[in-house]
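Visitor: I should like a close look at a single part of this model, followed by an account of its surroundings. Please begin once the structure is in view.

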Amino acid sequence: MTIRHPDYDYEQKRLDETRMIIQKEIDALRRDVKEVTDDYVKQVVNYKKTKELRYLEDQGLEKPYFGRVDFLKDETYEMDRVYIGKRGIVRQDTFDSIVVDWRAPIASLYYSGESKDAYFRNGRDIVRGEVRLKRNFSMQNGKITGIYDGALKESIQREVGHPDEFLEEGYIDEFLAANLNETNDSRLKDIVATIQSEQNDIIRADKDRPVVVQGVAGSGKTTIALHRLSYLIYNDQDTMLSKKFMVFAPNRLFLTYISDVLPELGVEDVQQSTFLDWAAKLVKALLPKGWRIMDPHKPLHLFFEDGHSERERQIALRRLRFKGSLAFREALHQYLLHVAETRIAYKKLSFVYKRTNHVFAIPGEEIRELFARTYAHLPYRRRLEAVRKHVKQEVNKQLFSHLRDQKIDLDKQGLARFEKMIDQLLDSYFGIFPELTAFEAYQELLTDLSLLMQLAGGAGHEEMTAEVIQDISSSSAEIFAAERIEPEDVAPLLYLRHLIEGLEQEDYFDHSVVDEAQDLSAMELAVIRLVTKRDSLTVVGDIAQGIHAYRGLQSWEELLDGVFVQPKGVYYTLSQSYRSTIEIMRCANEVLRKIRLPETVMAKPVLRHGEVPERISWDGNGLPVEYLAQRVEAYRSEGFQSIALVAKNGEASKKAYKALRSHIEGIQLLGVKDAQFPGGIVVMPAYLTKGLQFDVVIVLDSEEYEETEWDTKLLYVVMTRPVHRLVLLHRASRMSPLIAAIPPALYKQSELSK
Ligand SMILES: Nc1ncnc2c1ncn2[C@@H]1O[C@H](COP(=O)(O)OP(=O)(O)OP(=O)(O)O)[C@@H](O)[C@H]1O
């Protein structure tokens with residue numbers, strides 16, 4: 001902390017002046033919003049003023065800004081001194097901007113740091129110059145408590161040696177370190193003051209191209225995606241509406257976990273849903289009466305709980321993987337082609353114009369060409385309409401040229417009669433085209449084995465052997481026979497609806513965020529792309545945290561090469577991890593190392609130290625409940641607020657809860673059906689901890705994690721949840737091979753006996 005900074009007096013004076021102006025603004029706004037009015041426009045203005053007032057009262061006065069940049073413009077050689085805050089503040093009397101909003105174009109300079117070659121985009125223009133100073137402030141009760149100047153590399157050089165080595169090791173500036181060290185509670189918070197340059201690039205990326213982010217655990221993916229929404233709304237209010245923004249997240253628990261930060265960021269009315277909740281609403285309208293979508297957690301039981309045969313799992317795996325694949329999307333397209341080519345007769349359309357005995361005719365081949373090629377890009381039903389319209393125009397053209405040749409002047413009535421006749425003719429011609437409905441077509445494709453073989457198998461689909469297709473088809477038929485569809489049917493069914501009927505305008509989003517995207521299938525992401533205007537998507541995730549063997553992406557290439565092709569998605573990677581201490585990340589990285597993925601990058605923790613993780617062996621039966629209760633109490637008295645006791649699966653967490661509830665006050669059990677994230681002390685299954693963070697994580701049954709790809713990923717997820725402390729408990733008789741492989745120097749070991 002540098003209270004005696006040479007500019008301290010200057011900055012404190014500037015802050016005092018700013019606060020005086022804000023106080024005046026508050027007084028004026030209070031007077032304005034008191035006024036009762038019937039005028040609608042004034043009501044809208046008052047609503048905005050009330051929001052502004054609330055911000056100024058709650059936060060603006062206390063901490064109007066967090067940073068400053070001095071920018072010397074190349075063109076004019078003028079120095080701009082800009083103070084940056086969470087919201088812009090403008091004096092109502094002079095309209096002078098006293099604080100610039102972090103989302104404003106010029107604020108971008110603050111995030112890219114000091115540089116001789118700096119620039120920012122202002123609309124289409126690029127403003128170039130030099131960032132002479134980047135300064136951060138800590139403030140409390142209107143007093144500056146810290147000033148941090150950001151010549152990052154230079155200060156490292158001075159203090160500790162060669163900068164690059166330290167940056168490699170995750171050196172961070174003092175200001176970020178101070179922010180990270182504040183005891184974290186489990187909720188997500190805004191990071192506007194400490195957004196890092198590579199995170200800033202993502203937040204401010206082109207809005208009309210898909211952005212795909214692969215980031216290690218704790219690299220700020222969720223946080224950044226939400227900040228990007230805030231940035232987009234601020235800069236593109238004319239073309240985007242926040243109520244047309246959608247955040248797709250993995251479960252309802254996660255949605256309540258993130259929902260607090262959205263109003264903080266000034267984006268209140270964003271839609272939030274799991275993919276399934278959103279898509280199921282649309283799909284239900286396509287299902288016959290009495291049909292239902294199966295419980296989405298059934299596969300979790302099948303794959304994570306005991307008591308299921310390997311063959312059962314194999315069939316389910318084949319079927320579920322196929323339904324989420326781009327190969328299936330291709331088969332859906334092939335189905336439509338198949339219908340267009342084999343189920344439509346494309347007869348010649350002809351009739352005799354009685355008055356002249358002239359035969360008008362459109363060859364069947366021409367209609368085929370129109371249907372199967374010219375209008376092939378349109379959904380089936382819209383294509384029918386377009387071809388019909390085209391044919392009608394063609395007939396009319398022929399008629400007028402014939403009438404001209406024959407020098408016949410047809411009056412209004414004659415023309416109307418002709419038009420009616422044509423309409424009748426077209427009704428009967430197009431009436432024999434198959435009337436497709438998405439649901440019937442979908443069922444047919446999956447249950448007609450030979451059709452599925454023809455459309456999904458063959459050259460180029462070597463993995464789709466007859467046996468695999470047989471498994472997919474017969475197990476799908478069984479589900480349909482019970483008048484059910486499964487969650488994995490929802491996306492392809494919607495996709496097929498799009499191919500057949502097209503989507504309605506109100507189904508579209510102005511921007512979609514997909515969090516934990518590795519858990520969605522390529523097919524689901526293809527559907528999200530369909531419903532998002534101008535490819536304005538932010539897709540974030542971590543392949544190393546893809547914990548569902550039966551679903552989800554295997555690699556980002558699948559997405560970039562198969563879904564975000566035109567315009568091409570922009571791919572970013574983040575390897576700096578901000579959540580956990582160095583000690584925790586070192587252990588977690590040992591597990592990550594075991595996940596052999598081409599895209600795996602080791603997480604680089606920021607320089608924040610803490611206690612080393614503990615491995616505790618226990619030789620009794622059940623759980624060491626009294627010991628756990630003591631530990632939890634000790635953590636509580638250390639000031640930690642959120643503590644997760646994690647069991648590998650749902651059954652085990654229920655058992656643990658039963659054993660612990662009378663020993664630990666306020667402990668809560670979280671399951672898949674829970675929609676509220678309570679914070680505090682919770683027992684939960686490992687797969688539900690995704691995306692969340694806790695001060696402390698205690699893994700209750702670490703011996704249960706086998707050396708399989710999915711268990712490794714699951715353990716990695718769990719180990720990367722804590723901000724401060726990690727404890728791995730295991731039975732004395734067994735240890736997970738994944739934990740056995742962690743060098744003992746990286747953790748503290750102890751034994752616990754009955
Ligand atoms: N630039 C930053 N400044 C301060 N804190 C940050 C920054 N970036 C990320 N964090 C913090 O790091 C933690 C992890 O962020 P977040 O949950 O968004 O990461 P994630 O990549 O989505 O993680 P995971 O994949 O593990 O779920 C949060 O507490 C967040 O506030």
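Which helices each supply at least two residues of the shell around the ligand?

Guide: The model is a predicted one, and the part in question is the ligand shell. Two helices, α6 (174-181) and α8 (221-235), each supply at least two residues of this shell. The shell comprises 25 residues, of which A217, G220, K221, T223 and Y578 come nearest to the ligand. By class, 15 of the shell residues are polar, six are nonpolar and four are charged.

The surroundings may be described from the whole chain inward. The protein chain has 754 residues, and 41% of them count as buried. Its secondary structure consists of 28 helices and 26 strands. Along the principal axes, the C-alpha atoms fill a box of roughly 100 × 75 × 55 Å. Among contacts between residues at least 6 apart in sequence, 75% join residues at least 24 apart.

The domain assignment divides the chain into four parts: domain 1 (7-180), domain 2 (195-336 + 441-574), domain 3 (345-431) and domain 4 (582-752). Domain 2 is thus given as two segments, 195-336 and 441-574. Taken over C-alpha atoms, the centres of domain 3 and domain 4 are separated by 71 Å.

Next comes the nonpolar interior. The largest nonpolar core has 171 residues, and L525 and V646 are those with the most contacts inside it. Helix α21 (residues 487-500) gives the most to this core, namely eight residues. L525 itself touches V514, A517, L520, V539, L559 and V563, when residues up to four places away in sequence are not counted. Another core lies apart from the largest one; it has seven residues, including L349, I367, L370 and F371. As a general matter, nonpolar side chains in soluble globular proteins tend to be buried together.

Helix α16 (residues 380-406) merits separate attention. Its 27 residues reach 38 Å from the first C-alpha to the last, close to the 39 Å expected at 1.5 Å a residue. The buried residues of α16 are Y380, R383, V387, V391 and V395. These buried residues pack against the helices α14 (326-342), α15 (364-374), α17 (412-431) and α21, and also against β12 and β13. The partner α21 is the helix that gives the most residues to the largest core. After α16 comes K407, which has a positive phi near 55°.

A further helix, α27 (residues 709-719), is largely enclosed by the rest of the structure, because nine of its eleven residues are buried. The buried residues are D711, T712, K713, L714, L715, Y716, V717, V718 and M719. They pack against two helices, α24 (582-592) and α28 (737-740), and against the strands β21 (643-647), β24 (694-699) and β25 (722-731).

Strand β2 (residues 79-85) offers another point of reference, since V82 has its place there. V82 counts as partly exposed because it has 18 C-beta neighbours inside 10 Å, whereas 20 or more are required for a residue to be buried. With residues up to four places away in sequence left aside, V82 touches R68, V69, F71, V100 and I106. V82 and F322 are 240 residues apart in sequence, and their C-alpha atoms are 54 Å apart in space.

Some backbone details in loops complete the account. N141 has a positive phi of about 45°, although it is not a glycine. N141 is found in the loop between β6 (125-140) and β7 (143-149), and it counts as exposed because 7 C-beta neighbours lie inside 10 Å. N357 is likewise not a glycine, and its phi is positive, about 60°. The loop that holds N357 runs between β12 (349-353) and β13 (358-362), the two strands against which buried residues of α16 pack. N357 is exposed, with 7 other C-beta atoms within 10 Å. Finally, a cis peptide bond joins Q566 and P567, with omega about 0°. P567 lies in the loop between α23 (556-562) and β17 (570-574).

Key
Residues are numbered from 1 along each chain as its sequence is written. This is a predicted model: local features need pLDDT of at least 70, side-chain atom pairs count only at pLDDT 80 or more; totals for chains, interfaces and linings use all residues. Domain bounds come from an automatic or database domain assignment. A nonpolar core is a set of buried Ala, Val, Leu, Ile, Met, Phe, Trp, Tyr and Cys residues joined through C-beta atoms within 7 Å. A residue is buried if 20 or more other C-beta atoms lie within 10 Å of its own, exposed if 12 or fewer, and partly exposed in between; C-beta atoms are placed from the backbone. Helices (H or I, at least four residues) and strands (E, at least two) are DSSP runs, numbered from the N terminus. Two residues are in contact if their C-beta atoms, placed from the backbone, lie within 7 Å. A residue is near a molecule or strand if its C-beta atom, placed from the backbone, lies within 6 Å of it. Ala, Val, Leu, Ile, Met, Phe, Trp, Tyr, Cys and Pro count as nonpolar, Asp, Glu, Lys and Arg as charged, and the others, Gly among them, as polar. The expected span of a helix is 1.5 Å times one less than its number of residues.
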